[in-house]
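Thanks for making time this morning. I have one structure to go through, and I will keep to what can be read from the coordinates.

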Protein chains: 2
Amino acid sequence: MKLRALGEFGLIEQIRQKVVDPASVYRGIGDDAAELSLPDGHRLLTSTDMLIEGVHFRFEWTDSHSLGRKAVAVNLSDLAAMGGTPSFLYLSLACPVDVDFTEVEAFFEGALAEMATFQVTLVGGDTCRSPGPWVISVTVEGHVSPGDSVGRLQARPGDVILVSGTLGDSALALNHLKSHLPVDPYLLQRHLRPLPRIALGQALGAQHLASAMIDISDGLSADLGHLLMPAGLDALLDAAQIPLSSAFRDVVRDQPDFFELALHGGEDYELLFTATPENVPAVMALSDSLNVPVSAIGKLEKGSGQIKLRQTTGRIDPVLARGYDHFGPSQKTPEGRNA
Amino acid sequence: MKLRALGEFGLIEQIRQKVVDPASVYRGIGDDAAELSLPDGHRLLTSTDMLIEGVHFRFEWTDSHSLGRKAVAVNLSDLAAMGGTPSFLYLSLACPVDVDFTEVEAFFEGALAEMATFQVTLVGGDTCRSPGPWVISVTVEGHVSPGDSVGRLQARPGDVILVSGTLGDSALALNHLKSHLPVDPYLLQRHLRPLPRIALGQALGAQHLASAMIDISDGLSADLGHLLMPAGLDALLDAAQIPLSSAFRDVVRDQPDFFELALHGGEDYELLFTATPENVPAVMALSDSLNVPVSAIGKLEKGSGQIKLRQTTGRIDPVLARGYDHFGPSQKTPEGRNA
């Protein structure tokens, strides 16, 4: 069935039927606004993302279900990077009227499946036609105890730089997709199904183990830059410690240039955070208990936002942050990256 | 200066410099998520809207500053329709990279001016390039005391139907814009600068005077339909009581067909609500004290979602709700309407 036949209110009703409201939702889908309660004494955390076909994604490289999952996951990742607990989500979708309903349904089912994984409830959104590209806007609301959130500005000289998971997998998959090369299934899954590190972020915040935290959406160098510049810090990274998956290593063994993707690639959606050296053992204990790999990849020094990399040869080279800038001169083609 | 030269982070910094955070904002623009507090014991109200160039607006008919104001105003109107107080706002914008910064700045200045009118703070959003149309996504967060919010489902047979302001002005202006006819300045202002009825909505909620409430975005008949259908009600409207501005009357005097725009036109952003007959005097006293016109336009009966109109001749005709459906067959050209 085409969306034209189902109609806007038919679509909304289809979505509403898939959602069960918890007790904290006084009014959910279908009113002018959602009415919600937070746990007593908690603060509200909110993040919003926009994703546009041809800029952030291409249907050539993703199916609708994966797109729905990823649209939610990258938004939840922002709350993870604050140490927060996501609760409520608003999903707005604009698409052409001649899209088949099965595509839209798969998109919403993917989004709802991702929400269910993290006990997040869909409580609102907007639906409209688009004159061209699919446009998705996602807003997530969650909560955090006062004092437990982790910002970007409190890193200090001497702090250790840590990162969850492995880097570069998603960018390598995208590189192969763009080049019409076969893509390793593990790398493809890392690109299509990022895993928001909610439990790790929550624990780091609640135990006050991280001095600063951000999720890696634009790439290690760019997102590390966001922690360095405002705090007057430099970073010294150790190339040997950058965590790489075995699938990534297999490729880099033959083509060493691809190592750059672990530094600059983007869309890892891993947590990049800093901790005092005294807190590192507690971080590693947390990593073990949550079964989320965490690697210490360098340390912070007083400075002016520079990143240096100690090569495996021992030589130290400057790293130029190659941030993804949506309006900058570097972007020419869809990159599949999220601002 | 082109956006390409300013860059994404330059743009965000320009916006951030225009914002002053109140004490309830612990983290605002520039982190992964905003961290906020609500007044003790209040519930969170959230609404989100997406606006797309060519679907919801055309630069042929609006300037960037007015667009910014309106994008915010229509979103605040949703909170007014719940009886809520808006506090925080997230503004996401996608536009082509070759747009001049002055256009984007005017858009944000318009948005911020509208926010300032209602003591609403910009705390987040997203910026990215668009492959074609401007895309705007706005999310507002506010609060309401438990039990004071007004939904859509509690209207009862015998309740009086009331509406703020006048109807049809915006649709008439849009009609003239589309037809390349001169537009009366008052009507044009009603189209470009809708006034969210925050104070009226708050008072109706706090004093428990309204049984159901919605803001008119799709047109009186369509939005009244949203109150009738789920509650098993019919509406009998009185044509003589539909509130019309003198500018609107001037046009209708010569072209009576345009009266239809007061019934179906859309984008009025007035509050449509219901009240028991006993509460109507208190509503009218509120209208006087707030200096917001309110008109009683009909009453509710048991039924199945039908709307009937008592003509000035006394004859009663059925009114077919002509809702704006984004995916429905009726839409062919940009209507300037908001879902």
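I will take the pair of chains, then the shared sheet, then the domains of chain A, and finish with a few single residues.

One caution before I start: this is a predicted model.

Begin with the two copies. Chain B superposes on chain A by a rotation of 180 degrees, with 0.0 Å of shift along the axis and an RMSD of 0.0 Å. The two copies are therefore related as by a two-fold rotation axis. If you want to find that axis on the screen, look for Ser137(B): its C-alpha is the one in chain B nearest the axis, 3.4 Å from it.

Now the contact between the chains. On the chain B side there are 64 residues, and they touch 64 residues of chain A. Strand 3 of chain B, residues 43-52, gives the most to that side, with nine residues. By class, the chain B side divides into 29 nonpolar, 20 polar and 15 charged residues. Of the interface residues of chain B, 100% are interface residues in chain A as well, so the copies meet through the same surface.

Next, the sheet. It is an open sheet of six strands with mixed pairing, and it takes strands from both chains. Reading across, the order is 5(A)-4(A)-6(A)-3(A)-2(B)-1(B). At the edges are strand 5 of chain A, residues 121-129, and strand 1 of chain B, residues 25-27, and each of these pairs on one side only. On average, neighbouring strands are turned by 20 degrees against each other, direction ignored.

Where does the sheet pass from chain A to chain B? The order puts strand 3 of chain A beside strand 2 of chain B. Those two strands, residues 43-52 of chain A and 34-36 of chain B, run antiparallel and are joined by three bridges. As a general reminder, strands of a sheet pair through backbone hydrogen bonds, either parallel or antiparallel. At this junction, Thr46(A) has Ala34(B) as its bridge partner, and Leu44(A) stands opposite Leu36(B).

Staying with chain A, helix 3, residues 64-80, lies across strand 3, strand 4 and strand 6. Its angle to strand 6 of chain A is about 35 degrees.

That helix comes up again with the domains. The domain assignment splits chain A into domain 1, residues 3-144, and domain 2, residues 160-319. Their centres, taken over C-alpha atoms, are 28 Å apart. Contact between them involves 18 residues of domain 1 and 18 residues of domain 2. On the domain 1 side, helix 3 and strand 4 of chain A each supply at least two residues. Helix 3 of chain A gives the most, with nine. That side has 10 nonpolar, five polar and three charged residues.

Between helix 3 and strand 4 of chain A is a loop that holds Gly84(A). Is Gly84(A) buried or exposed? It has 32 C-beta neighbours inside 10 Å, so it counts as buried. Setting aside neighbours within four places in sequence, its contacts include Leu45(A), Gly142(A) and Val144(A), and also Ala33(B) from the other chain. By contrast, Asp100(A) is 16 residues along the chain from Gly84(A), and their C-alpha atoms are separated by 36 Å.

Over to helix 5 of chain A. Seven of its 10 residues are buried, so the helix is largely enclosed by the rest of the structure. Among the buried ones are Asp169(A), Leu172(A) and Leu177(A). The cover over the buried residues includes helix 6, helix 9 and helix 10 of chain A.

After helix 5 of chain A comes His180(A), in the loop leading to helix 6 of chain A. This residue has a positive phi of about 55 degrees although it is not a glycine. His180(A) counts as exposed, because it has 8 C-beta neighbours inside 10 Å.

Glu267(A) is another non-glycine with a positive phi, in this case about 60 degrees. Its loop runs between helix 10 and strand 10 of chain A. What is the burial of Glu267(A)? Glu267(A) is buried, because 26 other C-beta atoms lie within 10 Å.

That is the tour; I can put any of these views back up.

Technical notes
Residues numbered from 1 in each chain as written. Chains lettered and ligands numbered in written order. Predicted model: local features only at pLDDT ≥ 70, side-chain atom pairs only at ≥ 80, totals over all residues. Pairing = 2+ DSSP bridges. Helix = DSSP H or I, 4+ residues; strand = E, 2+ residues; numbered from the N terminus. Axes fitted to C-alpha atoms, helices over the stretch in contact; angles between N-to-C directions. Contact = placed C-beta atoms within 7 Å. Domains from an automatic or database assignment. Nonpolar A, V, L, I, M, F, W, Y, C, P; charged D, E, K, R; others polar. Buried ≥ 20, exposed ≤ 12 C-beta atoms within 10 Å, placed from the backbone. Least-squares fit on C-alpha atoms with pLDDT ≥ 70 in both.
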